[in-house]
Amino acid sequence: MAGQTKIRTMQLEDLDAVLEIEKEAFKDSTWTIEAYTRELVMNQFAHYFILEEDGNIVGYTGIWLVIDHCQVTTVAIKKSMRGKGYSHLLINHIKDFVRGQADTISLEVRVDNTPALALYEKSGFNYGGIRKNYYGEGLDAHVMWVNIDE
Ligand SMILES: CC(C)(COP(=O)(O)OP(=O)(O)OC[C@H]1O[C@@H](n2cnc3c(N)ncnc32)[C@H](O)[C@@H]1OP(=O)(O)O)[C@@H](O)C(=O)NCCC(=O)NCCS
């Protein structure tokens, strides 16, 4: 059974837990604690959110909100907490957060990331094209986008 969930702004104190989830979610991740710190402290366009279940950090997401466009930079859920609708909650939170400020949300997702593609399709995202070698040689990305009010 799902516990009590809460979504809140990411703080510097959360970064150890975030990096733990990051390591198991993205095995080739280049995101370090310094990179996250820069995002939280210096990037005026960045907004990062934590999902808690019963007070424990179980996932996170981030966006860049630049003028009227929102770009999702990351979404990850702790492995043992997947399949409970939690990333869907985070995507809905992003939509609520940017509504009235942005018209569209877009993101890149690896063409072989079946769970993420299914998540974004379920969240109303459309396919906008392929970025060749976006994640490195031979690792292409789908660009996906959604209108906020869909
Ligand atoms: C992708 C990810 C964020 C999904 O998180 P999740 O909380 O398990 O997803 P949810 O439970 O919210 O599922 C939402 C929808 O996504 C799809 N989905 C999620 N996991 C899936 C899987 N393993 N296989 C197929 N579809 C899946 C389904 O459509 C699901 O809706 P449904 O349960 O009604 O069918 C999670 O697997 C993850 O952290 N992966 C590693 C990091 C990553 O790839 N992030 C995305 C980068 S672009």
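## Close-up views of a predicted model

**View 1. A nonpolar patch sits on the surface of this predicted model.** Four residues make up the patch: Phe45, Trp64, Val66 and Ile67. Together they offer about 400 Å² of accessible area. Is tryptophan 64 buried or exposed? The answer lies in between: tryptophan 64 is partly exposed, because its relative accessible area is 37%, and buried would call for under 20% while exposed would call for over 50%. As for its place in the fold, tryptophan 64 belongs to strand 3.

**View 2. Strand 3 meets strand 4 in an antiparallel pairing.** Here we stay with strand 3, which covers residues 56–66. Eight bridges link strand 3 to strand 4, residues 69–77. To pick out one of these contacts, look for glycine 62, whose bridge partner in strand 4 is threonine 74.

**View 3. Two helices pack on the sheet.** Helix 2, made of residues 33–42, touches strand 2 (46–53), strand 3 and strand 4. The direction of helix 2 makes about 110° with that of strand 2. Helix 4, residues 114–122, touches strand 4, strand 5 (104–110), strand 6 and strand 7 (141–147). With the direction of strand 5, that of helix 4 makes about 160°.

**View 4. The open sheet is built from seven strands.** In which order do the strands lie? Going across the sheet, you will meet them as 1-2-3-4-5-7-6, with mixed pairing. At the edges are strand 1 (5–9) and strand 6 (126–131), each of which pairs on one side only. From one strand to the next, the twist averages 25°.

Definitions and conventions:
Residues numbered from 1 in each chain as written. Predicted model: local features only at pLDDT ≥ 70, side-chain atom pairs only at ≥ 80, totals over all residues. Heavy atoms only, no water. Pairing = 2+ DSSP bridges. Helix = DSSP H or I, 4+ residues; strand = E, 2+ residues; numbered from the N terminus. Axes fitted to C-alpha atoms, helices over the stretch in contact; angles between N-to-C directions. Contact = heavy atoms within 4.5 Å. Patch = residues over 30% accessible without salt bridge, like charges linked within 9 Å, V, L, I, M, F, W, Y side chains within 5 Å. Areas by Shrake-Rupley, 256 points an atom, 1.4 Å probe, with all protein chains shown as cover. Salt bridge = Lys/Arg side-chain N within 4 Å of Asp/Glu carboxyl O. Buried < 20%, exposed > 50% of the residue type's maximum accessible area, 1.4 Å probe, protein only.
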